[in-house]
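Reader: Could you take me through one part of this model up close? I'd like to start in the middle of the packing and work outwards from there.

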Amino acid sequence: MAKIDIFDTTLRDGEQSAGINLNTAEKIEIAKQLERYGVAVIEAGFPASSPGDFEAVKQIAQIVKDAKVTGLARAIPSDILTSYEALKYGAQPHLHTFIATSPIHMEYKLKKTPDQVVEIAVESVKLARKYFPLVQWSAEDATRSNKEFLARIITEVIKAGATTINIPDTVGYTTPAEYGALFRYLQETVPGIEKVKMSAHCHDDLGMAVANSLAAIENGATQIEGTINGIGERAGNAALEEIAVALHIREDYYQTHSGIVLKETKRTSQLVSQLTGVMIQPNKAIVGRNAFAHESGIHQDGMLKNPETYEIITPALIGDATTELVLGKHSGRHAFINKAKSMGFQLSDDKYATAFSAFKDLADRKKEITEEDLFVLLTDQQVTVTDTPVYELESVQVQYGTSNIPTATVRVTAPSGDVVTVSDTGAGSVEAIFNTLERVVQGTVRILDYRVSSVSKGRDALGEAVVKVRFQDQESIGRNASQDVLEASAKAYLNAINRQLQKERTLSAVH
């Protein structure tokens with residue numbers, strides 16, 4: 001069967017989603033999980049876009065060995081050379097460069113003639129091949145491009161040394177029939193195209209990204225690009241977990257395999273959701289909370305008689321086995337560390353100690369500790385940056401009554417090491433907490449989004465709070481999980497502030 005390479009752009013195109021801002025530690029953890037998931041290529045970022053992105057791409061290229069690590073570069077020499085400095089230590093240096101090819105983009109964005117665009121594309125690929133053995137070239141807005149011009153420019157970049165040709169549906173405009181026909185046309189028209197890999201990159205503006213990607217496979221594509229959970233600009237990208245499971249379940253039809261480790265699907269999805277702060281809709285295919293829920297009496301009757309009556313995908317296939325009681329308050333440190341390692345976590349001794357302490361505190365209050373609970377505790381430790389002074393919540397107390405004005409009192413250790421205690425009021429308990437914390441951080445903080453959701457089931461479930469703020473003219477997302485949602489909300493607020501402070505200190509150190 002044909003091998004379909006999976007090109008993951010969660011850390012580049014996915015992070016371009018409004019409100020997502022991952023730090024280097026979080027990007028590394030996602031990259032390591034993508035490697036376990038079995039993706040062929042990880043697009044780790046856009047090295048020339050910022051010092052932070054450069055450093056993240058550089059570290060990921062040095063850490064990841066079982067997948068190719070690539071970075072995005074515009075068709076300009078400085079982008080390509082900067083990308084090489086970030087990627088040169090990778091096991092298989094790979095560059096992804098692009099230029100727009102549609103009439104509207106060439107005229108209004110690039111302000112270049114078609115001949116000039118061809119020349120720029122060729123020169124950028126030639127330069128890239130001096131440094132990279134693997135060069136992917138993309139025709140931005142390919143599906144709104146003149147197909148004859150598209151064939152012409154692809155012919156020239158192949159001659160210049162491109163090893164992969166990507167045909168992006170940049171604005172989610174095309175349909176499966178049109179997209180498939182475009183791949184057929186290019187393969188029938190472009191000399192030498194049989195020597196390169198053909199790739200599809202689809203956006204979901206019309207809800208057809210996955211269908212378009214599968215149509216590309218039917219018509220000769222050997223690489224599919226997308227993101228975990230389908231995150232991305234505007235309506236997002238093709239959801240890779242949907243494509244991988246579709247290729248597996250309908251292997252009889254597509255006659256292909258992707259190399260994806262399907263049992264890592266749920267964990268990969270959860271990690272991306274937790275670190276980006278982007279919730280997964282309940283009815284999301286494959287990884288949604290209701291993906292394996294059956295409420296209809298007819299469906300339940302069929303499931304009891306034979307699960308295959310209404311379930312073409314088993315939860316076990318994607319690593320969503322029945323949650324088990326894994327540890328309790330009498331469990332020791334050794335058992336805790338063994339369980340953490342079996343879940344794929346590798347922490348330092350200090351972080352294991354901190355995570356174990358948090359686990360014991362939770363076990364004293366919570367009757368059942370589920371794998372979902374452990375996943376949150378361990379992930380928080382794995383991506384915690386400990387070398388920068390931050391605001392740390394010591395305590396929070398809220399006075400609330402239906403006839404009283406809610407008042408919050410917080411005790412916080414500031415980055416300076418000083419402990420401050422401040423009180424303030426609000427229309428509700430959460431607003432009182434946020435108003436009080438704004439006085440602590442001594443700056444204007446605008447709340448852009450706030451939500452709380454349960455991590456697991458039951459009345460004693462952990463509540464995960466996500467707070468998106470604008471602080472010092474920058475957007476930042478914070479999160480925290482606790483049985484007490486008010487405590488989680490306060491810690492998530494400070495986490496958002498701390499992430500912004502850490503980012504500023506990192507940029508200052510670079511400069």
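Author: What follows starts at the main nonpolar core and then moves out to the helix pairs, the loops and a covered helix.

Keep in mind that this is a predicted model. The largest nonpolar core has 112 residues, and the ones touching the most other members are Trp 137, Ile 154, Ile 165, Ile 167 and Leu 186. Helix 6, residues 147–160, gives this core its largest share, eight residues. As a general point, nonpolar side chains in soluble globular proteins tend to be buried together.

Let's sit on Trp 137 for a moment. Leaving out residues up to four places away in sequence, Trp 137 touches Thr 97, Ile 99 and Thr 101, then Ala 121 and Val 125. Its list also takes in Ile 153, Ile 154 and Val 157, and it ends with Ala 162, Thr 164, Ile 165 and Asn 166. There is another core apart from the big one, with 26 residues, among them Tyr 391, Val 412, Ala 465 and Val 469.

Thr 164 is a handy next stop, since Trp 137 touches it. You'll find Thr 164 in strand 7, which covers residues 164–169. Thr 164 counts as buried because its relative accessibility is 4%, and the cut-off for buried is under 20%. Besides Trp 137, its contacts beyond four places in sequence are Val 135, Gln 136, Lys 197, Ser 199 and Gln 223.

Now back to helix 6, and how it packs on helix 7 (residues 176–189). The two axes come within 10 Å and cross at roughly 50 degrees. That angle makes helix 6 oblique to helix 7, and the crossing is right-handed. On the helix 6 side the contact is made by Lys 147, Glu 148, Leu 150, Ala 151 and Ile 154, and on the helix 7 side by Leu 182, Tyr 185, Leu 186 and Thr 189. You've met Ile 154 and Leu 186 already, on the list of core residues that touch the most other members.

Next, compare helix 3 (residues 77–87) with helix 5 (residues 114–131). Their axes come within 10 Å and cross at roughly 20 degrees. So helix 3 is roughly parallel to helix 5, as angles under 35 degrees count that way. This crossing is right-handed. Helix 3 brings Pro 77, Ile 80, Leu 81 and Tyr 84 to the contact, while helix 5 brings Ser 124, Leu 127, Ala 128 and Tyr 131.

The last pair is helix 8 (residues 209–218) and helix 9. They pack with axes 10 Å apart at an angle of about 45 degrees, and are therefore oblique to each other. Here, too, the crossing is right-handed. Val 210, Ser 213, Leu 214 and Ile 217 from helix 8 meet Glu 242, Ile 243, Ala 246 and Leu 247 from helix 9. Helix 9 is mostly covered, with seven of its ten residues buried. Those seven are Leu 240, Glu 241, Glu 242, Ile 243, Ala 244, Val 245 and Leu 247.

The loop leading into helix 9 is worth a look as well. Asn 229 lies there, between strand 9 (223–226) and helix 9 (240–249). Asn 229 isn't a glycine, yet its phi is positive, about 65 degrees. With a relative accessible area of 13%, Asn 229 is buried. Gln 255 also has a positive phi without being a glycine, at about 55 degrees. Gln 255 belongs to the loop between helix 10 (251–254) and strand 10 (256–257). Its relative accessible area is 43%, so Gln 255 is partly exposed.

Further along the chain, Gly 417 sits in the loop between strand 12 (407–413) and strand 13 (419–425). Gly 417 is partly exposed, with a relative accessible area of 46%. Its C-alpha atom is separated by 8.8 Å from that of Tyr 391, 26 residues away along the chain. Tyr 391 is one of the residues in that second, 26-residue core.

Let's finish on helix 15, residues 371–382. Its twelve residues should span 16 Å at 1.5 Å a residue, and the end C-alpha atoms are 16 Å apart, so the two agree. Nine of the twelve are buried, which leaves helix 15 mostly covered. The buried set runs from Asp 373 through Leu 374, Phe 375, Val 376, Leu 377, Leu 378 and Thr 379, and also includes Gln 381 and Gln 382. These buried residues pack against helix 1 (24–37), helix 11 (265–276), helix 13 (333–342), helix 14 (349–365) and strand 16 (474–482).

Note on methods: Residues numbered from 1 in each chain as written. Predicted model: local features only at pLDDT ≥ 70, side-chain atom pairs only at ≥ 80, totals over all residues. Heavy atoms only, no water. Helix = DSSP H or I, 4+ residues; strand = E, 2+ residues; numbered from the N terminus. Buried < 20%, exposed > 50% of the residue type's maximum accessible area, 1.4 Å probe, protein only. Contact = heavy atoms within 4.5 Å. Expected span 1.5 Å × (residues − 1). Core = buried A, V, L, I, M, F, W, Y, C linked by side-chain atoms within 4.5 Å. Axes fitted to C-alpha atoms, helices over the stretch in contact; angles between N-to-C directions. Parallel < 35°, antiparallel > 145°, perpendicular 65-115°, else oblique. Left-handed = near helix turned anticlockwise from the far one by under 90°.
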